[in-house]
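Student: I have a structure open on my screen and would like to talk it through with you. Shall we go step by step?

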Amino acid sequence: MVSRGTTQQSSAPYNRRIVLDVIRRQGRISRREIVDLVSLSPQTVANITNDLQTIGLIVARRLKGARSRGQPPIAFELNANAGNSIGISLEPGHVCAGLVNLIGEILERREVDIDTHDQRRVLATVMGLIRELRRRPAAAERLWGIGVALPGPLVKTDISFIGPTTLEGWSDLSVFDELRDASHLQVFYSVDSVAAALGETLFGVARALDNFFYMHFGVGLGGTLVVNRSAHRGANSNATEIGHIPAVPGGKPCYCGNAGCLERYLSLQSLAEALGVSEAADRDALIIAALERNTDAALQAWCREAAERLRDAVCVIENMLDPLTIVIGGSAPKLLVERLVALAEPLHHSVRGGVASPATRIVLSERQEDSSILGAAVLPIYDLLSPRFEVLQQDRRAEADVAGLLGQRGTRRAGRL
Ligand SMILES: [Zn+2]
C-alpha cells in the first residue's frame with residue numbers, strides 16, 4: 001500500500017505521519033524513495049525528515065556500498081528507542097506487563113498470578129509492575145503512555161464481564177482513571193483482541209496486510225476484523241465477539257446464558273475444564289505439561305473437537321468477511337495452536353479456498369505468547385505510527401497526544417481506544 005500525502009495547509013501533521021509510516025514500514029529508505037512513495041514535493045519531504053530528525057523520531061545513516069561519486073546516499077530509519085510504551089495484559093487470574101519500544105521489542109517483562117476479581121488489588125499490582133518497569137533507564141524518559149488490554153466486550157451488554165473468561169464483576173472501568181492519576185501517564189485501554197490485532201498490524205505478521213481477521217485465543221476466544229489497518233468496531237464497539245457465536249446446537253451451556261458457544265470448545269478455559277484444572281494459577285503450566293506428554297486421552301479428545309470447531313469457524317469467517325488471512329494470536333501456547341491448526345486441515349471449502357494458498361488462510365502470530373502485551377503497548381503509539389486519516393477527523397475521548405509527540409503542542413487525555 002502506498003500512502004498519499006496531501007498539499008492542504010492544515011495537513012502538516014498528517015504528512016509527517018505519512019512520511020514516518022513509510023520510513024517505519026520500509027525499514028530503511030532514502031529521501032528520494034520517500035518522495036516517490038508519498039507524492040509530496042522533494043522540498044516538503046526534506047522539511048519533514050529534517051523535523052523528524054530534530055525531534056529524534058528518525059535517524060539518518062549513510063548507506064555503504066552502491067557508491068558512485070561523492071558521498072554515499074543517506075537513508076532514514078525509525079529510531080527504535082525514540083519512545084517506549086508500557087503494555088499491560090489483563091486476563092482472568094493473570095497480569096502481564098512489558099516495556100516495549102517503537103519496533104516492538106520487549107525491553108522488560110513482568111508477570112504475576114493474581115485474583116482478578118478484586119479490582120483494588122489488581123490496580124495496586126499493576127502500579128507496582130509499572131514502577132518496576134519505569135526503573136529501567138530507557139523508560140525514565142520518552143515513555144508515551146500505558147496501554148491496557150482486557151477481555152471484552154467492554155461496553156455494557158448482557159454478556160459483558162460475566163463468566164470465567166472475563167474479568168468478572170468489572171463493569172466499572174473508572175479504575176483506569178485512577179491508574180492515569182496515580183501514574184501521571186496517559187492510559188488507553190481496549191478489548192484484548194482489538195489491541196493484539198493492531199499489534200500484529202504494527203509489529204507482527206500482519207505488517208503487510210490491509211485487511212485480515214484476527215482470532216485471539218486466550219483464556220476465552222475473541223476476534224477482530226481489521227480493514228485498512230483499522231479495527232472494525234461495530235455499533236457499540238463490540239463487533240466480532242466470536243467466542244459467543246452459537247457453534248453447536250444444544251451444546252455445552254455457556255456463562256452468557258446461551259448454549260453451544262464457540263468459546264466453550266475453543267479456549268484455554270474450555271481445555272482447563274476438560275483436563276479438570278480448576279485453579280487459574282495452575283492452568284498454563286498443567287496445559288503445557290499435558291501437551292508435551294501428549295498421552296492424555298482427555299487432551300486428545302478435546303483437541304479433536306476443538307479442531308472441528310476451528311475448521312467451522314474459519315469457514316464462517318471466510319465466507320462472511322473474505323479476509324486476506326486469519327491470524328491467530330493470544331496467550332494460548334503456540335504448541336497448542338499449531339496442533340489445532342494441523343488437526344483442522346483440510347479446511348472447508350469457502351470463498352478463500354482456491355483463491356488463497358492453503359498456507360495463508362491461517363497464519364500464526366510469530367510472538368504468540370507476547371501478542372497481548374505487544375497489543376496493549378501499541379495503544380499509546382498506534383496513532384503516531386499509523387496514519388489513519390479518520391483519526392484526524394474525529395474527536396475521540398482517547399485521542400493520543402500525537403501533535404505533542406510530533407513536536408507540536410498537545411493536550412493530555414486518557415480513555416478508551
Ligand atoms: Zn456464550
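Tutor: Gladly! Helices (H or I, at least four residues) and strands (E, at least two) are DSSP runs, numbered from the N terminus. Keep in mind that this is a predicted model.

Student: How many helices and strands are there in the protein chain?
Tutor: Using those DSSP runs, we can count each kind along the protein chain. The count comes to 16 helices and 14 strands.

Student: What share of the residues in the protein chain is buried?
Tutor: A residue is called buried if its relative accessible area is under 20%. The protein chain has 417 residues, and the buried part of them is 55%.

Student: Which percentage of the contacts between residues at least 6 apart in sequence joins residues at least 24 apart?
Tutor: A contact here needs heavy atoms within 4.5 Å. Taking the contacts in the protein chain between residues at least 6 apart, the part that joins residues at least 24 apart is 64%.

Student: Let's go to the strands. Where does V187 lie, and is V187 buried or exposed?
Tutor: V187 belongs to strand β8. Its C-alpha is 6.0 Å from that of G145, a residue 42 places away in sequence. Because its relative accessible area is 1% and the cut-off is under 20%, V187 is buried.

Student: And which residues is I146 in contact with, leaving aside neighbours within four places in sequence?
Tutor: I146 sits in strand β7, and with 0% relative accessibility I146 counts as buried. Its C-alpha lies 6.1 Å from that of Q186, although 40 residues separate the two along the chain. The contacts of I146 are I86, I88, I130, L179, S183, L185, Q186, V187, F188 and P380.

Student: Now a charged residue. Why does R283 count as buried?
Tutor: R283 is placed in helix α9, residues 280-293. Not counting residues up to four places away in sequence, R283 touches P92, V219, L268, A272 and V277. The cut-off for buried is under 20%, so R283 counts as buried with a relative accessible area of 5%.

Student: How far apart are the C-alpha atoms of R283 and G93?
Tutor: Along the chain, R283 and G93 are 190 residues apart. In space, the separation of their C-alpha atoms is 9.7 Å.

Student: Next, helix packing. At what angle do α8 and α10 pack?
Tutor: Two packed helices are described by the angle between their axes and the distance between the axes. For α8 (residues 268-275) and α10 (residues 297-321), the axes are 9 Å apart. α8 passes α10 in a right-handed crossing. The packing angle is about 145°.

Student: Which residues meet there, and how many are nonpolar, polar and charged?
Tutor: From α8 come S270, L271, A274 and L275, and from α10 come A298, L299 and W302. Sorted by class, the contact of α8 with α10 holds 6 nonpolar, 1 polar and no charged residues.

Student: Which geometry does the site of the zinc ion have?
Tutor: The protein donors of the zinc ion are H244 (ND1), C254 (SG), C256 (SG) and C261 (SG), at 2.0 to 2.4 Å from the ion. Along the chain, the donors follow the spacing H-x9-C-x1-C-x4-C, and both C254 and C261 are buried. Ideal angles at a metal are 109.5 degrees for four tetrahedral donors. Here the angles among the 4 donor atoms are 104 to 122°, and the site is tetrahedral.

Student: I'd like to check the backbone too. What kind of peptide bond joins G152 and P153?
Tutor: P153 is in the loop between β7 (143-150) and α6 (175-183). With omega at about -5°, the bond from G152 to P153 is cis.

Student: What is omega for the peptide bond from E345 to P346?
Tutor: P346 is found in the loop between α11 (334-344) and α12 (358-361). The peptide bond from E345 to P346 is cis, and its omega is near -5°.

Student: Last one: what are the phi values of H184 and S237?
Tutor: H184 is in the loop between α6 and β8 and is exposed, with a relative accessible area of 62%. S237 is in the loop between β11 (230-231) and α8 and is partly exposed at 22%. Neither is a glycine, yet phi is positive: about 55° for H184 and about 65° for S237.

How values were computed:
Residues are numbered from 1 along each chain as its sequence is written. This is a predicted model: local features need pLDDT of at least 70, side-chain atom pairs count only at pLDDT 80 or more; totals for chains, interfaces and linings use all residues. Side-chain values use heavy atoms; hydrogens and water are left out. Axes are lines fitted to C-alpha atoms, for helices over the stretch in contact, and angles run from 0 to 180 degrees between N-to-C directions. A crossing is left-handed if the near helix is turned anticlockwise from the far one by less than a right angle, and right-handed if clockwise. Ala, Val, Leu, Ile, Met, Phe, Trp, Tyr, Cys and Pro count as nonpolar, Asp, Glu, Lys and Arg as charged, and the others, Gly among them, as polar. Donors are N, O and S atoms within 2.8 Å of the metal (3.2 Å for Na, K and Ca); water is not among the atoms, so sites may look incomplete. Four donors count as tetrahedral if all angles lie between 85 and 135 degrees; four count as square planar and six as octahedral if opposite donors are over 155 degrees apart and all others between 65 and 115; anything else is irregular. Buried means under 20% relative accessible area, exposed over 50%, partly exposed in between (1.4 Å probe, protein chains only).
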